[in-house]
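Hi,

Here is the structure I promised to pass on. Have a look at it first, and my notes on what turned up follow below.

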Amino acid sequence: MYEDPVKEMLVWMKVLLLTAFIIFGVRHFLFEPVIVEGESMQPSYHENDKLVLSKATTITNFDTIVFFAPDGSRFIKRVIGVPGDHIQMASGEIILNGQPLDEPYLDGGGNDDFTAQSQLVSEFSVPPDCYYVLGDNRGNSTDSRMLGFIREQDVIGEVKFRFAPLRQFGFVE
């Protein structure tokens with residue numbers, strides 16, 4: 001390419017620096033890989049599932065997000081309520097903005113403990129810049145029932161893609 005090895009080395013250094021800058025930018029501002037830890041999102045996600053988060057997204061009801069918990073750890077949960085939503089929980093049923101939720105993602109998730117908690121009754125509205133999140137495995141999940149509302153600034157990103165295990169490779173719903 002060049003007869004001067006110094007010039008050729010400088011060109012390659014520029015290419016490598018530009019590549020590193022692009023990778024850092026994409027990783028820091030657009031996408032981030034994560035590994036699921038724990039059982040709180042079963043049956044939707046299992047221990048060691050490998051996912052990709054989108055950091056440039058608008059969070060809506062039923063999206064799956066990863067966020068920083070108050071102790072600094074990362075949790076993965078499903079968004080049940082977005083700012084302004086009215087939520088009522090009674091007899092293991094969730095009513096969102098006056099409509100009972102149909103939650104097909106809970107099937108087979110070991111939610112007997114949650115539905116058996118008929119004594120739990122609560123009603124509230126989600127404040128601005130906050131989310132109300134629950135794990136799909138309601139009987140085994142530390143979520144907004146214990147943590148309270150999740151602040152928008154604590155959200156790392158929304159789960160968009162699963163790349164392992166390979167049998168579930170692809171975009172998530």
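Let me start with a pocket: the second largest one is lined by S44, Y45, T64, R78, R162, V172 and E173. Bear in mind that this is a predicted model. The volume of that second largest pocket comes to about 180 Å³. Sorted by class, its lining holds three charged residues, two polar ones and two nonpolar ones.

The largest pocket has a volume of about 330 Å³. Which residues sit closest to its centre? Out of 14 lining residues, those are I35, E37, R74, F75 and I76. Two elements give two or more residues each to this lining, namely β1 (31-35) and β4 (74-81). Of the elements, β4 gives the most, with four residues. As for chemistry, the lining of the largest pocket splits into seven nonpolar, four charged and three polar residues. If you want to set up a probe of your own, those are the two sites I looked at.

Now the chain as a whole. There are twelve strands and three helices in it. Of its 173 residues, 38% are buried. Take the contacts between residues at least 6 apart in sequence: 60% of them join residues at least 24 apart. The chain exposes about 10400 Å², and 58% of that comes from carbon and sulfur atoms.

On to the strands, beginning with β11. How many of the residues of β11 are buried? Eight of the ten in this strand (residues 155-164) are, so β11 is largely enclosed by the rest of the structure. Its pairings are worth going through one at a time:

- Strand β2 (residues 50-54) pairs with β11 in the antiparallel sense, over five bridges. Within that pairing, L51 has R162 of β11 as its bridge partner.
- Strand β3 (residues 64-68) also runs antiparallel to β11, and three bridges join them. Here F67 stands opposite V155 in β11.
- Strand β12 (residues 170-171) pairs with β11 over two bridges, again antiparallel. R162 turns up here too, with G170 in β12 as its bridge partner. The link from β11 to β12 is a hairpin through five residues.

So R162 is a residue to keep on screen: R162 is bridged to L51, R162 is bridged to G170 in β12, and R162 is among the residues that line the second largest pocket.

Just ahead of that strand there is a loop residue I would also click on. D154 lies in the loop between β10 and β11. Is D154 buried or exposed? With a relative accessible area of 18%, D154 counts as buried, because the cut-off for buried is under 20%. Leaving out residues up to four places away in sequence, D154 touches F67 and F68. F67 is the residue mentioned above that stands opposite V155 in β11.

Next, β9. This strand (residues 130-134) is mostly covered, with five of its five residues buried. That holds for both faces: C130, Y132 and L134 are buried on one side, and Y131 and V133 are buried on the other. What does β9 pair with? One partner is β4, which runs antiparallel to β9 and is joined to it by three bridges. In that pairing, G81 stands opposite Y132 in β9. Another partner is strand β10 (residues 150-151), which pairs with β9 in the antiparallel sense over two bridges. There, Y131 stands opposite I150 in β10. Note that β4 does double duty in these notes: β4 is bridged to β9, and β4 also gives four residues to the lining of the largest pocket.

One last residue, for contrast with D154. E93 belongs to strand β6 (residues 93-96). The relative accessible area of E93 is 39%, so E93 is partly exposed, as that class runs between 20% and 50%. Setting aside neighbours within four places in sequence, E93 is in contact with Q88 and P100.

That is what I have for now. Shout if you would like to go through any of it together.

Cheers

Methods: Residues are numbered from 1 along each chain as its sequence is written. This is a predicted model: local features need pLDDT of at least 70, side-chain atom pairs count only at pLDDT 80 or more; totals for chains, interfaces and linings use all residues. Side-chain values use heavy atoms; hydrogens and water are left out. On a 1 Å grid over the protein atoms alone, a cavity is a set of points where a 1.4 Å probe fits but cannot get out, and a pocket is an open set with protein on both sides within 12 Å along at least five of seven lines; lining residues have an atom within 4 Å of a point. Grid points are joined across faces, edges and corners, and a volume is the space filled by probe spheres set on the points. Ala, Val, Leu, Ile, Met, Phe, Trp, Tyr, Cys and Pro count as nonpolar, Asp, Glu, Lys and Arg as charged, and the others, Gly among them, as polar. Buried means under 20% relative accessible area, exposed over 50%, partly exposed in between (1.4 Å probe, protein chains only). Two strands pair if DSSP finds at least two bridges between them. Contact means heavy atoms within 4.5 Å. Accessible areas come from the Shrake-Rupley method with a 1.4 Å probe; for residues, only the protein chains shown count as cover.
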